[in-house]
Amino acid sequence: HTVKDGRVEILADSEAMARWVADRLLEAATAKADGPFVVALSGGSTPKRLYQILATEPYASRFPWDRTQLFFGDERFVPPDDESNNYNMTNKALLSHVPVPPANVHRMPTDGDPDEAAARYERELRMLYGRDTLEEGRPLFDVVLLGLGENGHTASLFPGTDVLQEKEKWVSSCVPHDAPHTRLTLTYPAIHSSRTVMFLVAGKSKAEVVPLVRSGDPSQPASAITSEGELVWLLDKASAGEEDGH
Ligand code: 6PG
């Protein structure tokens with residue numbers, strides 16, 4: 001079973017989008033009472049507001065943090081105290097404010113060799129999954145949050161890079177041609193192994209790339225994202241190309 005197109009929710013603005021996703025996450029986490037709730041968090045600027053909201057009431061005290069396992073969809077290969085490190089942003093906006101057990105936060109390693117660090121992170125995911133091979137019908141993630149770059153990248157799946165061909169590994173390094181820093185990223189097969197993939201896309205600068213990806217343009221890495229569960233596109237009016245007054 002593979003979902004490619006997904007449904008679209010257009011929210012008034014990025015604040016409404018963040019609230020919508022916070023509600024959805026709380027619902028899904030609460031509903032899954034029979035095991036860990038496993039999330040892959042995204043970086044970039046769009047999800048920051050979502051993380052801040054999750055750190056406030058009622059989310060902070062109602063979220064089942066003790067059985068929530070937080071992973072990252074991608075990371076810049078810079079130390080965790082670097083301003084551009086996704087864990088750093090997430091920690092400041094969310095993790096440092098809520099009672100999530102430190103053992104449930106799986107930061108992507110950014111020391112040593114990037115390929116070796118990617119393999120280490122993959123081992124951490126395998127430990128949680130309990131098998132070495134991804135099985136259809138047994139998703140690795142409950143929710144994968146993703147953003148969308150103006151050049152069609154998502155997570156750190158950048159145009160023209162080898163990671164786009166990866167079929168086996170769950171985690172890989174990636175050296176973008178047109179963006180700073182070596183990255184670690186989840187691969188297509190790892191993202192596919194999900195109950196829900198949510199793209200969070202806000203702002204007018206994304207209005208041109210959204211229809212390209214949604215129409216399946218093969219030059220946009222985000223076009224090849226699939227889920228074995230559901231795929232949801234969250235757009236604000238600006239990224240959906242709906243300006244006020246139209
Ligand atoms: C990251 C992610 C990237 C991001 C998009 C959108 O930056 O960590 O690699 O895929 O989600 O570039 O970023 P914005 O939300 O900042 O527009």
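Okay, let's start right at the ligand: one of its oxygen atoms is 3.3 Å from a polar backbone atom of Gly44. Before I go on, remember that what you see here is a predicted model.

So who else touches the ligand through polar atoms? Take Asn86: a polar atom of its side chain is 2.9 Å from a ligand oxygen. Then there's Ala155, where a backbone N or O atom sits 2.7 Å from an oxygen of the ligand. On its own, the ligand has 420 Å² of accessible area, and the protein covers 88% of that.

Let's widen the view. How many residues surround the ligand? There are 16, and the closest are Ser45, Thr46, Asp74, Ala155 and Lys206. If you sort that shell by class, you get 10 polar residues, 4 charged ones and 2 nonpolar ones. And where is the ligand sitting? The space it takes up is the largest pocket.

Now, you heard Ala155 twice there, so let's stay with that residue. Find the loop that runs between strand E5, residues 141-146, and strand E6, residues 171-174; Ala155 is in that loop. Is Ala155 buried or exposed? Buried residues are those under 20% relative accessible area, and Ala155 comes in at 12%, so it counts as buried. Its backbone is worth a look too: phi is positive, about 45°, although Ala155 is not a glycine. Why point that out? Because most residues other than glycine have a negative phi.

Which other residue does this? Have a look at His181, with a positive phi near 75°, and again the residue is not glycine. You'll find His181 in the loop between E6 and strand E7, which covers residues 183-186. With 34% relative accessibility, His181 counts as partly exposed.

While we're on backbone geometry, go to the peptide bond from Glu57 to Pro58. That bond is cis, with omega near 5°. Again, the general background is that most peptide bonds are trans. Pro58 lies in the loop that links helix H2, residues 48-54, and helix H3, residues 59-62.

Okay, back to the E5 to E6 loop, and two more of its residues. Glu168 is in that loop, and so is Leu148. How do they compare in burial? Glu168 has a relative accessible area of 63%, so it is exposed. Leu148 is at 4%, so it counts as buried.

I also have a couple of distances for you to check on screen. The C-alpha atoms of Glu168 and Phe37 are 24 Å apart, and along the chain those two residues are separated by 131 residues. For Leu148 and His177, which are 29 residues apart along the chain, the C-alpha atoms are 17 Å apart.

Last stop: Glu122, in helix H5, residues 114-129. We just saw a glutamate that is exposed, namely Glu168. Glu122, though, is buried, with a relative accessible area of 8%. What does its side chain pair with? A polar atom of the Glu122 side chain lies 3.2 Å from the backbone nitrogen of Val171. And Val171 should ring a bell, since strand E6 covers residues 171-174.

If you remember one residue from today, make it Ala155: among the closest to the ligand, buried at 12%, and carrying that positive phi of about 45°. Okay, that's me done, so let's turn the model around and find these spots together.

How values were computed. Residues numbered from 1 in each chain as written. Predicted model: local features only at pLDDT ≥ 70, side-chain atom pairs only at ≥ 80, totals over all residues. Heavy atoms only, no water. Near = heavy atom within 4 Å. Polar contact = N/O pair within 3.5 Å; in protein donor to acceptor, adjacent residues only side chain to side chain. Areas by Shrake-Rupley, 256 points an atom, 1.4 Å probe, with all protein chains shown as cover. 1 Å grid on protein atoms, 1.4 Å probe; cavity = no way out; pocket = protein on both sides within 12 Å on 5 of 7 lines; lining within 4 Å. Sits in = over half its atoms within 2 Å of the grid points. Nonpolar A, V, L, I, M, F, W, Y, C, P; charged D, E, K, R; others polar. Helix = DSSP H or I, 4+ residues; strand = E, 2+ residues; numbered from the N terminus. Buried < 20%, exposed > 50% of the residue type's maximum accessible area, 1.4 Å probe, protein only.
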